[in-house]
Amino acid sequence: MLAALARTATQRPKTVVLIWLLLLVLGLGFGTRVFGDLTSSVEDVPGSESVVAEERLAELTPDGDDFSAVVSAPAVDTPQIRSQVGDAVADVRKHPGIAQVPDPYTTRGLVAQDGKALLIPVTLKGGLDDDAEEEAVGDAADRIREITAGDVAVSGGPLLGEQMGGRAQEDVAQAELITLPAVLVVLLLIFGGLRAAGLPLLVTVSGVAGAFLTLYGFSQFTEISVYAVQIVTMLGLGLAVDYALLMVIRFREERGRTDDVAQAVHATVARAGRTVLFSGLTVAISLSGLVWFPSPFLRSMGLAAGAVVVVDMLAALTLLPALLALFGGKIAPSGAKYRTGKGVWWRRKSGTASEPGAFFARLALFSARRPLAVIAAVVAVLALLALPAFGMRINIGDARQLPHDTEARQLYDTVREHYPAGTDTDPVQVLIGSGSDPDCEGKIRALPGIRAADRERLSDGTVLLELTPDGSVDGPTATRLVEQVRDLRGDEPIQVTGNAASLVDFRSMLAERAPWAVLTVLAGLFVLLFSFTGSLLLPLRTLATTLLSLGSALGVVVWVFQDGHLAGLLGGEELGALSLTAPPLIIAIAFGLAMDYELFILSRMRETWLETGDHRAAVVEGLRRSGRVVSCAALLLAIVFGGFMTGGFSPILQIGLGLTLAVLIDATVVRMFLVPATMTLLGRRAWWAPRRMRKLHERYGLREEAPSAGPVPVDQAVRQAPPSP
C-alpha cells in the first residue's frame, strides 16, 4: 500500500495536489458552515432518567425554553429606565413566539434589593420548530439590547449555545492567527529554509480544512458541540505538523543518501510513512474509546476527531510526497549519512560528537548506564504529579467558565453581585406521579440542603416540585439531593430531572462504560503495537509508561483548575471541579499523542535492531535518530495547544493545559529518560515474542517496504539475532 502511494505521488504529483486543493476549497467554503450548527449541551445521556423526565415535562407544560436579561445601573428605578424597560417588555410580549414576559417592576424578586439591577425573564412558547425558536430568541434579545439607559446583558437557554458557538469561532480564528505564524517561524529554525518549512504548513492548512469539512459532514446527522471546533482544529493542526515534520526530516536524510528525488520520496514513504500510518491508527484507536459512551457529545467527538486523524494521515502519505516530488530537489539534504552494520552504535569517545543527534545519544547513554536510578527518579516525580488526579471531580459548570467580556459571564456576575444566592440557580425538578404515596412529597421537602421549594400541579395530575439547592446548580449539595430523592422514592412513580440530575446520570454513565472503553482501547493498541514491533513486552512497557505520563498531566490540571493554584496566570479561576468535557478528551487525545512519540522512537530503534541485532545500539542509535524529530514535534504541538489557551474559555484552557503538559512530559522526561532506561533494563527481551506470536507477526505484521522493488524481509535480522535469554 505504501509503495503504491509513493508511486502515485511521484508519477502524478500535480493530480494529487489538485485533489487536495479542491478539498481545501470545499473545507474552507462549506466546512466553516459548521459554526452555525453547534450545541452547548454536553451532559445529556439518551435514555437516562433525567432525559426521559425532561421530555415528559416538556409534554405536560405549555411553555418552552427560556432565557434572561439583566439591566444594571446606579438606580434602575429612574423614569428613563422604567420607560425603556416597559417599552421593551411590551414589544417582546407581542412576538408570536413568546409565551410570557413578566413586568420586572411589579413581579416580586426581579428588582434587586439594592435597586441597582433588574431581571427580565423571557419564556418561549412550546412546540416551536428550530427556525421559529431561533427567530423568536433573536428578535426578543435584540429588542431588549436596545435599552440604552443601563448596561444590558442577555443570555441563558438557547442564547447560551449561540454565544458559546460564537466564542468558539472567535477563539479558533485567534488561535490560528497566533499558532500558524509561530509554527512557521519554528519550522524555519528547524529546517533553515522556506521550502522545507513551508511544506508542513501546507499539510497543516489542508488538515484544518479537512477538519472543518469533517465536522460539517457529521453535523448533518448528529449534534456537534461548541467544543468540537476547537478540539478537532487543535488536534488537526497538531497532528498535521507532527506527521509532516517526520516525513520532511526523513526525506532530507534520504536525500543525503541519493540524488534521485523520486527514490528519496519512495524511501521516505516506505519507512517514515509506515510510522505515520501506525501513529495515525494508534491515535484513532485511542479516540475510538469515546464511541463506547452513549453520550452524543462524547460519541460525536470520538467520530469527528478520529476522522480528522485519518485526514491528517492521508495528507502526510499522499499530499506531502507529491509536494516533495515537485519541489524536493530544491530542499537541501541533512548533513551526515547514517552508519549501519552489526555492532556499530553511538559512542561519545569515538570522535563523532558532531554528528546529528549527539545530544540525544548522550541522553540515551546517561539512562543506559544507570537504568534503575533513572527509572526510580522519573517514576517518583511523575507519581507525585499524578496524586491530585485521584481527587478529581467533574461538574457541568456555569458561566464562570467563560471570559469576563462575554455576555453570559456579565449576566452571571451581575446577578451574583446584586441578588441573593440561588436567584439564578436551576432547580432540581421532581415529578411526583398521581398514584404516589401522599407522604412522599413531605419527605422530599424535608431533605437537607433545600433553600426553596415551589409546587405546581400539571395537567395530568402530576405534581412538579422545583427544589432550589444550596450552592451551585451542579455542586455537591445539588447532586446529593438528586441521589437522596431517588433513594427515598423506592418503587413510587417519581422522576428527577434538571442540571444536577443530568450530571448524576452522566457520572453514572462514565462509571459504567469507562472500563469497557479502556479495555477496548488497550486491547486495540496492544495488537497494533505488536504488529508494529513484533514484540510481546514492548506494547506492555509502552502502555505503562504512557499511562504514567498521562496521569501526571491530568494531576497538574486538577491542581490548577479544580484547586485553584496558579489558575489566574492562565486566565482561569478556581472552579472546585473540572468541566465534565475535559477529562475524557484529555485522556483520549493525550494517550494517542503519546503513542505518536513512542512510535517515532521505536521505529528508529527497530531499524537499528533489525540491522545489527545489538540491543544497546538500538536504544542509543534509535534515540539519536529520533530525538530531534520528537523534540521538534513536541515543541510545535505545545505552540498549537498554547494558542488555543489564549481564548479564556475554561474547558478549553483545561484541555489545552492537559494536552500541552502531556506532550511535553512525554516527549522529554518519558521518551528521553524512561524509555532508554527501561529498554536497557529489558535488553534483548524487549524484542522477544513467543515462537507462535513471532510467526504470526512475520505473516500478518506490517513491515517496511523497499524504496523501489517492493517488500523486503526485514524480520530476517530478528531471526538471525542471538536468542533472547
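Let me begin with a term: a residue is called exposed when its relative accessible area is over 50% and buried when that area is under 20%, with partly exposed in between. What we are looking at is a predicted model, and the first residue I would like to place on that scale is leucine 566, which at 52% relative accessibility counts as exposed because the cut-off is over 50%. Leucine 566 sits in the loop between α17 and β12, the latter being residues 578–579, and although leucine 566 is not a glycine, its phi is positive, at about 65 degrees.

From that loop, let me turn to the sheet. The model has an open sheet of 4 strands, and reading across it the order is β9-β10-β8-β11, with antiparallel pairing. β9, residues 450–457, and β11 stand at the edges, and each has a single partner strand, so one side of each lacks a neighbour in the sheet. On average, and with direction ignored, neighbouring strands here are turned by 20 degrees against each other.

Within this sheet I would like to dwell on β8, residues 428–432, where 5 of the 5 residues are buried. Which residues of β8 are buried on one side, and which on the other? Val428, Val430 and Ile432 lie on one side, Gln429 and Leu431 lie on the other, and all of these are buried, so that both faces of the strand are covered. As for its partners, β8 pairs with β10, residues 463–469, in the antiparallel sense over 5 bridges, and there valine 430 stands opposite leucine 465. β8 also pairs with β11, residues 494–497, again in the antiparallel sense, over 4 bridges; in that pairing, glutamine 429 has threonine 497 as its bridge partner, while leucine 431 stands opposite glutamine 495.

Now to the helices, and to α4 before the others. Helix α4 covers residues 79–93, and at 1.5 Å a residue its 15 residues should span 21 Å, which agrees with the 21 Å between its end C-alpha atoms. Its buried residues include Ile81, Gln84, Val85, Ala88, Val89 and Val92, and these cover an arc of only 130 degrees around the axis, which puts them on the same side of α4. As a general point, an α-helix has 3.6 residues a turn, so residues three or four places apart point the same way. The buried residues of α4 pack against β3 (98–100), β4 (117–125) and α5 (130–145).

Helix α12, residues 371–386, can be read in a similar manner: at 1.5 Å a residue, its 16 residues should span 22 Å, and its end C-alpha atoms are indeed 22 Å apart. Pro371, Val374, Ile375, Val378, Leu382 and Ala386 are its buried residues, and seen down the axis they fall within an arc of 95 degrees, so they line one face of the helix. What covers them includes α11 (358–369), α17 (537–562) and α20 (650–682). On the face turned away from the buried side, α12 carries the exposed residues Leu372 and Leu384.

That brings me to the nonpolar cores. The largest has 161 residues, and those that touch the most other members are Phe191, Leu245, Leu287, Tyr597 and Met605. Helix α8, residues 226–255, gives the most to this core, with 18 residues. A second, separate core has 34 residues, among them Ile98, Ala117, Leu118 and Ala140. Returning to tyrosine 597, and not counting residues up to four places away in sequence, its contacts include Asp242, Val630, Ala633 and Ala634, as well as Asp666 and Arg671.

I will finish with two residues of helix α19, which covers residues 615–643. Where is glycine 627, and is it buried or exposed? Glycine 627 is in α19, and at 0% relative accessibility it counts as buried. Leaving aside neighbours within four places in sequence, glycine 627 is in contact with Phe360 and Met672; glycine 627 and phenylalanine 360 are 267 residues apart in sequence, yet 5.7 Å apart in space, C-alpha to C-alpha. Serine 626, also found in α19, counts as buried at 2% relative accessibility, and, with neighbours within four places in sequence left aside, serine 626 is in contact with Phe600, Ile601 and Arg604.

Definitions and conventions: Residues are numbered from 1 along each chain as its sequence is written. This is a predicted model: local features need pLDDT of at least 70, side-chain atom pairs count only at pLDDT 80 or more; totals for chains, interfaces and linings use all residues. Side-chain values use heavy atoms; hydrogens and water are left out. Buried means under 20% relative accessible area, exposed over 50%, partly exposed in between (1.4 Å probe, protein chains only). Two strands pair if DSSP finds at least two bridges between them. The expected span of a helix is 1.5 Å times one less than its number of residues. The arc is that of the directions from the helix axis to the C-beta atoms. Contact means heavy atoms within 4.5 Å. Axes are lines fitted to C-alpha atoms, for helices over the stretch in contact, and angles run from 0 to 180 degrees between N-to-C directions. A nonpolar core is a set of buried Ala, Val, Leu, Ile, Met, Phe, Trp, Tyr and Cys residues joined through side-chain atoms within 4.5 Å.
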